[in-house]
Amino acid sequence: IYAIGQNIAAGEAFAGVTIEGNKIITQDFQTSKAHIFAAGDATNGGSTVVQAVKEAKLAATAMLKFLAD
């Protein structure tokens, strides 16, 4: 899990992840790279702390569902 702040430092860790502008593109918090999830500033380009925490909780739920399937 990377804590990358409001800017994506695209590098080797993000190889295979679709990034448009300053946002990681996700579908139900899953990136285009298998088994990699993203939320918060990385996907919305920077918002409030409350929004980031909300997205983190939703992403955690999506991860649990992914692992259960």
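Modeller: Before we begin, a residue counts as buried when its relative accessible area is under 20% and as exposed when that area is over 50%. The model we are reading is predicted, and in it Thr43, at 16% relative accessibility, therefore counts as buried.

Colleague: In which element is Thr43 found, and which residues does Thr43 touch, not counting those up to four places away in sequence?

Modeller: Thr43 is found in helix α1, and once residues up to four places away in sequence are set aside, it touches Lys23, Ile24, Thr26, Ala38 and Glu55. With Glu55 there is also a polar contact, which joins the two side chains at 3.2 Å.

Colleague: Is Asp41 buried or exposed?

Modeller: The cut-off for buried is under 20% relative accessible area, and Asp41 has 19%, so it is buried. Asp41 is likewise found in helix α1, and its C-alpha atom is 6.6 Å from that of Ala52, although the two residues are eleven apart in sequence.

Colleague: Could we step back to the overall layout: how many helices and strands does the protein have, and what is the order of the elements from the N terminus on?

Modeller: There are two helices and two strands, and from the N terminus on they run β-β-α-α. Buried residues make up 22% of the 69 residues, while the accessible surface comes to about 4900 Å², of which 58% belongs to carbon and sulfur atoms. As for contacts between residues at least 6 apart in sequence, 23% of them join residues at least 24 apart.

Colleague: Turning to α2, how does one judge what its 20 residues should span?

Modeller: The expected span is 1.5 Å times one less than the number of residues. For the 20 residues of α2 this means that the helix should span 28 Å, and because its end C-alpha atoms are 29 Å apart, the two values agree.

Colleague: Which residues of α2 are buried, and where do they fall when seen down the axis of the helix?

Modeller: The buried residues of α2 are Glu55, Ala59 and Ala62. Seen down the helix axis they fall within an arc of 60 degrees, so they line one face of α2. Helix α1, residues 41–44, is included in what covers these buried residues, and the polar contact from Thr43 reaches one of them, Glu55.

Colleague: Which exposed residues does the face turned away from the buried side of α2 carry?

Modeller: That face carries Val49, Val50, Lys57, Thr61, Leu64, Leu67 and Ala68, which are exposed.

Colleague: Taking Ala59 as a single case, what is its relative accessible area, and which residues is it in contact with, leaving aside neighbours within four places in sequence?

Modeller: Ala59, which lies in α2, residues 49–68, has a relative accessible area of 4% and is therefore buried. Leaving aside neighbours within four places in sequence, Ala59 is in contact with Phe29 and Ala39. The C-alpha atoms of Ala59 and Gly40 are separated by 9.1 Å, the two residues being 19 apart along the chain.

Colleague: How many salt bridges does a search of the whole structure find?

Modeller: The search finds one, in which the side chains of Lys65 and Asp69 meet with an N to O distance of 3.5 Å. At 55% relative accessibility Lys65 counts as exposed, and Asp69, at 71%, counts as exposed too.

Note on methods. Residues numbered from 1 in each chain as written. Predicted model: local features only at pLDDT ≥ 70, side-chain atom pairs only at ≥ 80, totals over all residues. Heavy atoms only, no water. Helix = DSSP H or I, 4+ residues; strand = E, 2+ residues; numbered from the N terminus. Buried < 20%, exposed > 50% of the residue type's maximum accessible area, 1.4 Å probe, protein only. Contact = heavy atoms within 4.5 Å. Salt bridge = Lys/Arg side-chain N within 4 Å of Asp/Glu carboxyl O. Arc of directions from axis to C-beta. Areas by Shrake-Rupley, 256 points an atom, 1.4 Å probe, with all protein chains shown as cover. Polar contact = N/O pair within 3.5 Å; in protein donor to acceptor, adjacent residues only side chain to side chain.
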